[in-house]
Every structure is written in structure tokens, then in C-alpha cells.
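Please look over the sequence and the structure below before reading on. The report that follows moves from helix packing to the chain as a whole.

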Amino acid sequence: MIFLTLFYEFFKAGLFSVGGGLATLPFLKAIAERYPWFTPADLMDMVAVSESTPGPIGVNTATYAGFHAAGLPGALMATFALVLPSVIIIILISRALQKFRDSRLVQNAFYGLRPASAGLIFGAMSTVFVASLFHMEAYSGLTRLGDVLNIPAIVFFLIFMVAIRVFPKLHPIVFIAAGAVFGIAFQF
């Protein structure tokens with residue numbers, strides 16, 4: 001039964017998350033809230049690890065969640081289920097595009113997918129942003145702002161934002177490694 005549930009949930013995430021790995025985050029968040037495979041906090045950790053390792057975020061998190069839920073077979077099932085819709089859609093679209101490449105309807109559909117994808121990615125980004133820079137678990141209505149702000153994380157965010165602009169040719173792995181070192185050193 002667990003394998004069918006893994007397949008269903010990750011197939012659904014793969015089918016409807018248009019826009020790449022970050023667009024899977026709202027689906028993965030819903031899975032975290034519905035099943036005990038991983039927590040929302042685990043999801044933020046998976047995003048951090050996925051951003052610093054090769055491979056797409058969605059695939060890495062599906063593999064992690066499947067492994068956590070049902071071991072190696074679960075990891076394979078969740079990963080396969082997440083990727084399968086894309087494979088099917090790419091095959092179908094490639095055949096249809098050959099016929100309708102110059103169709104105004106097809107061009108308009110792709111034009112309409114762009115803002116939808118951007119909205120999904122922005123929504124996912126805002127979830128990661130809030131979870132990284134604010135202590136939302138401390139928020140209980142009328143709370144002092146200082147209790148909700150993660151000051152060390154905000155400081156490091158600003159430092160890294162400036163550093164990326166000042167050193168644009170520096171490889172992203174340097175920033176990822178520095179972020180990991182700062183996280184370990186300052187334990188925030």
C-alpha cells in the first residue's frame with residue numbers, strides 16, 4: 001500500500017509541477033503535511049542539500065522521502081513516479097510539436113505557461129525564504145518582531161547577496177560551502 005501511495009503522490013507532483021524542481025516544493029510541502037515521510041523542516045534541509053548536490057530538487061527530495069518511507073524500493077518508486085509524467089509528456093509534446101509547431105494556439109499556450117511557471121517558482125522561493133529567515137514556529141499572533149526574525153540568518157543572507165554581486169565569477173559551490181561552514185559554526 002505504501003508503494004501505491006508513494007507512486008500516486010509523486011506522480012501527481014511530477015505531473016502538475018510545471019517549471020522545474022522548485023515548482024515541486026508546494027507539492028512536497030503538502031506531502032510533508034499529509035504523511036509522516038518527512039517534516040516541513042526536513043523539506044527545507046532537503047532543499048538545501050539538493051541545491052548543493054547534482055540533480056534536480058524534485059528528484060533528490062522524492063528519493064529521500066521514498067527512502068525514508070520504504071527504504072531503497074521506496075526511493076526508486078518515488079523517483080520513478082516523479083519523473084514518469086515528464087517522460088510521457090515530453091514524448092507526446094514532441095510528436096505534437098512536429099505537427100503544430102507554427103500553430104498560434106500552441107505558441108499562446110507556451111506563452112501562458114511562462115507566468116504560471118514563474119508564479120510556482122516564486123511561491124516555492126518565498127516558502128524557502130520565510131522558512132530560512134524567520135522563526136515562524138515562534139509566531140503566535142501578537143509577538144515581538146525580534147522573536148520571529150532569525151537575525152544571524154538575515155545577516156548571512158545579506159552578506160551572501162552582496163558577495164554574489166561583488167564576485168559574480170566565483171563558482172556557486174564556494175557560496176554553498178561557505179554557507180554550510182557558517183551554519184555549522186554559528187548553529188542557526
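## Helices α3 and α4

When the packing of two helices is described, axes are lines fitted to C-alpha atoms over the stretch in contact, and angles run from 0 to 180 degrees between N-to-C directions. In this predicted model, helix α3 (residues 40–52) packs against helix α4 (residues 57–100) at an angle of about 130°, with their axes 9 Å apart. Angles over 145 degrees count as roughly antiparallel and those from 65 to 115 as roughly perpendicular, with oblique used for the rest outside the roughly parallel range, and α3 and α4 are therefore oblique to each other.

The crossing in which α3 passes α4 is right-handed. On the side of α3, the contact is made by Asp42, Leu43, Met46, Ser50 and Glu51, while α4 contributes Ile57, Asn60, Thr61 and Tyr64. Sorted by class, the residues of this contact are four nonpolar, three polar and two charged.

## Helices α1 and α2

Helix α1 (residues 2–16) and helix α2 (residues 25–34) also form a packed pair, in which the angle is about 160° and the axes lie 10 Å apart. Since angles over 145 degrees count as roughly antiparallel, α1 and α2 are therefore described as roughly antiparallel to each other.

Here too, α1 passes α2 in a right-handed crossing. The residues that make the contact are Glu9, Phe10, Lys12, Ala13 and Phe16 of α1, together with Phe27, Leu28, Ile31 and Arg34 of α2. By class, the contact of α1 with α2 holds six nonpolar and three charged residues, but no polar ones.

## A residue in α3

Ala48 is found in helix α3, and is it buried, exposed or partly exposed? Because its relative accessibility is 48%, Ala48 counts as partly exposed. Ala48 can also be paired with Gly179, which is 131 residues away in sequence, although the two are 9.9 Å apart in space when taken from C-alpha to C-alpha.

## The chain as a whole

The secondary structure of the protein chain comes to eight helices and zero strands, and the C-alpha atoms fill a box of roughly 55 × 45 × 35 Å along the principal axes. Among the contacts with a separation of 6 or more, 54% are accounted for by residues 24 or more positions apart.

Of the 188 residues in the protein chain, 23% are buried. The chain exposes about 12,200 Å², and carbon and sulfur atoms supply 73% of this exposed area.

Technical notes. Residues are numbered from 1 along each chain as its sequence is written. This is a predicted model: local features need pLDDT of at least 70, side-chain atom pairs count only at pLDDT 80 or more; totals for chains, interfaces and linings use all residues. Side-chain values use heavy atoms; hydrogens and water are left out. Helices (H or I, at least four residues) and strands (E, at least two) are DSSP runs, numbered from the N terminus. Angles under 35 degrees count as roughly parallel, over 145 as roughly antiparallel, 65 to 115 as roughly perpendicular and the rest as oblique. A crossing is left-handed if the near helix is turned anticlockwise from the far one by less than a right angle, and right-handed if clockwise. Contact means heavy atoms within 4.5 Å. Ala, Val, Leu, Ile, Met, Phe, Trp, Tyr, Cys and Pro count as nonpolar, Asp, Glu, Lys and Arg as charged, and the others, Gly among them, as polar. Buried means under 20% relative accessible area, exposed over 50%, partly exposed in between (1.4 Å probe, protein chains only). Accessible areas come from the Shrake-Rupley method with a 1.4 Å probe; for residues, only the protein chains shown count as cover.
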